[in-house]
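Here is a walk through one protein chain, from its overall fold down to single side chains. Please keep the viewer open and follow along as we go.

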Amino acid sequence: MSNPNTRALLSFASASDANFSTFTTGVIDDLTGNPYFAGAQSLAAQLVPASADFNKLLPDAKGGSRVQIEAKNVARAALTELLREGCRLVNVDANGDRLKLLTSGYAITSDYKKSAAPASVHALQAA
């Protein structure tokens with residue numbers, strides 16, 4: 001069922017390096033060969049080497065020099081841009097279809113509806 005308000009989210013941007021790496025692997029696995037996202041297949045292929053570069057730099061950046069940390073940050077920024085583009089493509093291809101979005105590897109908007117506000121209290125009586 002399509003809902004134009006249902007979409008993939010960019011919630012990965014503030015994740016720790018370890019969680020970002022895990023998230024990226026999940027997106028690659030879920031997008032590769034996914035028939036719902038034909039438009040994202042070339043991007044999924046671009047994510048593989050970018051993710052490998054980032055993961056290769058992670059161990060050296062932990063407690064490493066400023067140069068090693070900066071190299072990791074540059075690789076993460078490049079990977080983040082690819083993931084943002086992937087999110088955009090996923091949202092276009094899915095067109096609000098929750099089932100399709102759930103197969104993308106991205107977090108998606110919640111479809112929980114806000115409950116109605118409780119009724120107003122007009123008068124209170126002491127017991």
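A residue is called buried when its relative accessible area is under 20%, exposed when that value is over 50%, and partly exposed in between. With that cut-off in hand, look at helix H2, where Leu 43, Ala 44, Leu 47, Ala 50, Ser 51, Phe 54, Leu 58 and Ala 61 are buried. An α-helix has 3.6 residues a turn, so residues three or four places apart point the same way. The cover over the buried residues of H2 includes H1 and H3. Please bear in mind throughout that this is a predicted model.

Let us step back to the whole chain. Its secondary structure consists of 4 helices and 0 strands, and the order from the N terminus is α-α-α-α. Of its 127 residues, 31% count as buried. The chain exposes about 8,200 Å², and carbon and sulfur atoms supply 57% of that area. Among contacts with a separation of 6 or more, 72% are between residues 24 or more positions apart.

H2 is also a good place to check helix geometry. At 1.5 Å a residue, its 21 residues should span 30 Å, and the end C-alpha atoms are indeed 30 Å apart, which agrees. Just after H2 comes Gly 63, with a positive phi of about 70°.

Now for the interior. In soluble globular proteins, nonpolar side chains tend to be buried together. Here the largest nonpolar core has 26 residues, and the members that touch the most others are Val 27, Leu 31, Leu 47, Leu 79, Leu 83, Val 90 and Tyr 106. Helix H1 (17-31), helix H2 (41-61) and helix H3 (66-94) each supply at least two residues of this core. Which helix gives the most to it? That is H3, with 8 residues.

Two residues show how these parts meet. Leaving aside neighbours within four places in sequence, Val 27 is in contact with Leu 47, Leu 83, Ser 104, Gly 105 and Tyr 106. The other is Ser 51, which lies in helix H2 and is buried, with a relative accessible area of 4%. With the same kind of neighbours set aside, those within four places in sequence, Ser 51 is in contact with Thr 24, Ile 28 and Leu 79.

The aromatic side chains deserve a stop of their own. A pair of aromatic rings is described by the distance of the centres and the angle of the planes. The whole structure holds 6 aromatic pairs. How are the rings of Phe 20 and Phe 54 arranged? Their centres are 5.4 Å apart and their planes lie at 85°, so the pair is edge-to-face. This pair links distant parts of the chain, since Phe 20 sits in helix H1 and Phe 54 in helix H2, 34 residues apart. Phe 20 is buried at a relative accessible area of 0%, and Phe 54 is buried with a relative accessible area of 0%.

Another pair is formed by Tyr 36 and Phe 37: with ring centres 6.5 Å apart and planes at 75°, it too is edge-to-face. Tyr 36 is partly exposed, at 34% relative accessible area, whereas Phe 37 counts as buried at 0% relative accessibility.

Ring pairs also join Phe 12, Phe 20, Phe 23, Phe 54 and Tyr 106 into a cluster. Phe 20 has a charged partner besides: Arg 76 lies over the face of its ring, at 4.1 Å from the ring centre.

Finally, let us visit two places that are not buried. Glu 85 lies in helix H3 and is partly exposed, with a relative accessible area of 31%. Its C-alpha atom is separated by 8.9 Å from that of Ala 40, 45 residues apart along the chain.

The last stop is a backbone detail. Most residues other than glycine have a negative phi. What is the sign of phi at Asn 95? It is positive, at about 50°, although Asn 95 is not a glycine. You can find Asn 95 in the loop between H3 and helix H4 (98-102), where Asn 95 counts as exposed at 57% relative accessibility.

Technical notes:
Residues are numbered from 1 along each chain as its sequence is written. This is a predicted model: local features need pLDDT of at least 70, side-chain atom pairs count only at pLDDT 80 or more; totals for chains, interfaces and linings use all residues. Side-chain values use heavy atoms; hydrogens and water are left out. A nonpolar core is a set of buried Ala, Val, Leu, Ile, Met, Phe, Trp, Tyr and Cys residues joined through side-chain atoms within 4.5 Å. Buried means under 20% relative accessible area, exposed over 50%, partly exposed in between (1.4 Å probe, protein chains only). Contact means heavy atoms within 4.5 Å. Rings of Phe, Tyr and Trp (its six-membered ring) pair if their centres lie within 6.5 Å; planes under 30 degrees apart count as stacked, over 60 as edge-to-face and the rest as tilted. A charge sits over a ring if NZ of Lys or CZ of Arg is within 6 Å of the ring centre and within 35 degrees of the ring normal. Accessible areas come from the Shrake-Rupley method with a 1.4 Å probe; for residues, only the protein chains shown count as cover. The expected span of a helix is 1.5 Å times one less than its number of residues.
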